[in-house]
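The following paragraphs lead a new reader through one structure, step by step. They begin with a single residue and widen from there.

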Amino acid sequence: MKKRIKHFLIFSCGWLCVILGIIGAFLPVMPTTPFMILALGCFAETSPRFHAMLLNNRWIGAPLRQWDQTKTVRRRTKIQALIMLVIAFGFSITLLWGHIELQLMLLGLAAVMIGFVLRLKEAEPKYED
C-alpha cells in the first residue's frame, strides 16, 4: 500500500511540474527547464511512457536529453537562467519598495537560486573543424 501511495505522489508531482513548466513557457518570471527536469526525474521513477514523452518532445526534448545523459546544461541556457533570475527578482524587489523584510527575503531567495544555477555543470562546447 505504501508503495502505491509513493508511486501516486511521485507521478502526481511529475504532472504538477509539467504544468508549472508549461506555465513558465509563457510567463517570463517563471522558469521552464527546471520544472521539466523535475518532471523527468519523477517520471523516470514512475512512468517510462511519460519519461520518453518528455525526452522526445520537440521543444524541450534536447535539453532534457542532455540533462538525462550527462547532468549538464549548455552555457547559453545557464546565462539565460541567470539573466531571468536577476530581472525577475530585481522587478519584485523594486515592487516591494519600503517593505525591507520582504525585500531581504527575496534577496536571500535570489541568492540561493543564483547559487544553484551557478553550480550546474556546463556541457563541453562542441567545436566544428
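In this predicted model, a convenient starting point is His51, which is located in helix α3. Is His51 buried or exposed? Its relative accessibility is 14%, and because buried means under 20%, His51 counts as buried. Which residues does His51 touch, if those up to four places away in sequence are not counted? The answer is Leu40, Phe43, Ala44 and Asp68.

Several of these names return when the view widens to a pair of helices. Two packed helices are described by the angle between their axes and by the distance between those axes. For helix α2, residues 33-46, and helix α3, the axes come within 7 Å and cross at roughly 150°. Angles over 145 degrees count as roughly antiparallel, and α2 and α3 are therefore roughly antiparallel to each other. Their crossing is left-handed. On the α2 side, the contact is made by Met36, Ala39, Leu40, Phe43, Ala44 and Thr46. On the α3 side, Pro48, Phe50, His51, Leu54 and Leu55 take part.

Two of the residues in this contact, Phe43 and Phe50, also lead to the aromatic side chains. How many aromatic pairs does a search of the whole structure find? The search finds 5. In one of them, the ring centres of Phe11 and Phe50 lie 5.7 Å apart and the planes stand at 50°, so this pair is tilted. The pair links distant parts of the chain, since Phe11 belongs to helix α1 (residues 2-26) and Phe50 to helix α3 (residues 48-55), 39 residues apart. Phe11 has a relative accessibility of 23% and counts as partly exposed, whereas Phe50, at 15%, counts as buried. Phe50 also forms an aromatic pair with Phe43, with 5.6 Å from centre to centre and 40° between the planes, and this pair is likewise tilted. Phe43 has a relative accessibility of 0% and counts as buried. Together with Trp15, the residues Phe11, Phe43 and Phe50 form one aromatic cluster.

The account now turns to charged side chains. The number of salt bridges in the model comes to 2. In one of them, the side chains of Arg75 and Glu122 meet at 2.7 Å, taken from N to O. This pair links distant parts of the chain: Arg75 is in helix α5, residues 75-95, while Glu122 is in the segment after α6 (100-119), and the two are 47 residues apart. Arg75 is exposed, with a relative accessible area of 53%. Glu122 is partly exposed, with a relative accessible area of 27%.

Glu122 also meets the side chain of Lys78 in a salt bridge, at 3.4 Å from N to O. Here too distant parts of the chain are linked, with Glu122 in the segment after α6 and Lys78 in helix α5, 44 residues apart. Is Lys78 buried or exposed? Lys78 is buried, with a relative accessible area of 10%. Salt bridges that share partners thus join Arg75, Lys78 and Glu122 into one network.

To review the route, His51 sits in helix α3 and takes part in the contact between α2 and α3. Phe43 and Phe50 belong to that contact and to the aromatic cluster. The network of salt bridges joins Arg75, Lys78 and Glu122.

Key:
Residues are numbered from 1 along each chain as its sequence is written. This is a predicted model: local features need pLDDT of at least 70, side-chain atom pairs count only at pLDDT 80 or more; totals for chains, interfaces and linings use all residues. Side-chain values use heavy atoms; hydrogens and water are left out. A salt bridge is a side-chain nitrogen of Lys or Arg within 4 Å of a carboxyl oxygen of Asp or Glu. Helices (H or I, at least four residues) and strands (E, at least two) are DSSP runs, numbered from the N terminus. Buried means under 20% relative accessible area, exposed over 50%, partly exposed in between (1.4 Å probe, protein chains only). Rings of Phe, Tyr and Trp (its six-membered ring) pair if their centres lie within 6.5 Å; planes under 30 degrees apart count as stacked, over 60 as edge-to-face and the rest as tilted. Axes are lines fitted to C-alpha atoms, for helices over the stretch in contact, and angles run from 0 to 180 degrees between N-to-C directions. Angles under 35 degrees count as roughly parallel, over 145 as roughly antiparallel, 65 to 115 as roughly perpendicular and the rest as oblique. A crossing is left-handed if the near helix is turned anticlockwise from the far one by less than a right angle, and right-handed if clockwise. Contact means heavy atoms within 4.5 Å.
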